[in-house]
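Subject: Structure handover

Hi,

Here is the structure I said I would pass on. Have a look at it first, and then read my notes below.

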Amino acid sequence: MDVSVDINHTYVSDLDIYLVGPDDTRVELSTDNGASGQNYTGTWFDDEATTSITAGTAPFTGSFQPEGQLSSYDGK
């Protein structure tokens with residue numbers, strides 16, 4: 001499973017981004033990463049990405065491993 005986000009926010013370091021399913025399954029995509037004016041534009045979260053979002057460099061464009069595992073949604 002991959003998840004794409006496009007977020008333009010003046011200070012992404014204060015964002016907590018979660019994917020929440022209908023059964024309340026929650027996966028932490030990114031929490032408090034980045035800095036002022038550095039957006040999530042064309043950002044893909046993928047368990048198999050080579051760079052974790054915490055090791056990424058803003059602006060976050062491209063494919064990153066989320067902080068939680070998207071595989072939590074497998075079989076749902």
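Below is what turned up, starting with the aromatic rings and moving on to a hairpin and an Asn.

One thing before the details: this is a predicted model, so please read everything here as computed from that model.

**Aromatic rings**

I searched the whole structure for aromatic pairs, and there are two. One is Tyr40 with Phe60, a stacked pair with 4.9 Å between the centres and 20° between the planes. It ties together distant parts of the chain: Tyr40 sits in strand β4 (residues 40-46) and Phe60 in strand β5 (residues 60-64), 20 residues apart. Both partners are out of the solvent's reach by the usual cut-off: buried means under 20% relative accessible area, so Tyr40 at 0% qualifies, and so does Phe60 at 1%.

Phe60 also pairs with Phe64, this time edge-to-face, at 5.7 Å centre to centre and with 80° between the planes. Phe64 is buried, as is Phe60. Put the two pairs together and you get one aromatic cluster made of Tyr40, Phe60 and Phe64.

**The β2-β3 hairpin**

Strands β2 (residues 16-20) and β3 (residues 26-31) run antiparallel and are joined by five bridges. If you want a place to start looking, take Val20, whose bridge partner in β3 is Arg26. The hairpin has five residues between its strands, and Asp24 there adopts a positive phi near 70°.

**Asn33**

Next, go to the loop between β3 and β4, where you will find Asn33. Is Asn33 buried or exposed? Its relative accessibility is 11%, so Asn33 counts as buried, given that the cut-off is 20%.

What does the Asn33 side chain make polar contacts with? One partner is the side chain of Ser30, at 2.8 Å. Another is the side chain of Glu67, at 3.0 Å.

Leaving aside residues up to four places away in sequence, Asn33 touches Val12, Ser13, Tyr40, Ile53, Thr54, Phe60 and Glu67. That list brings us back to the rings: Tyr40 and Phe60, which Asn33 touches, are the stacked pair from above. Glu67 is on the list too, and the polar contact with its side chain was described just above.

That's the lot from my side.

Cheers

Note on methods. Residues numbered from 1 in each chain as written. Heavy atoms only, no water. Phe/Tyr/Trp six-rings, centres within 6.5 Å; stacked < 30°, edge-to-face > 60°. Helix = DSSP H or I, 4+ residues; strand = E, 2+ residues; numbered from the N terminus. Buried < 20%, exposed > 50% of the residue type's maximum accessible area, 1.4 Å probe, protein only. Pairing = 2+ DSSP bridges. Polar contact = N/O pair within 3.5 Å; in protein donor to acceptor, adjacent residues only side chain to side chain. Contact = heavy atoms within 4.5 Å.
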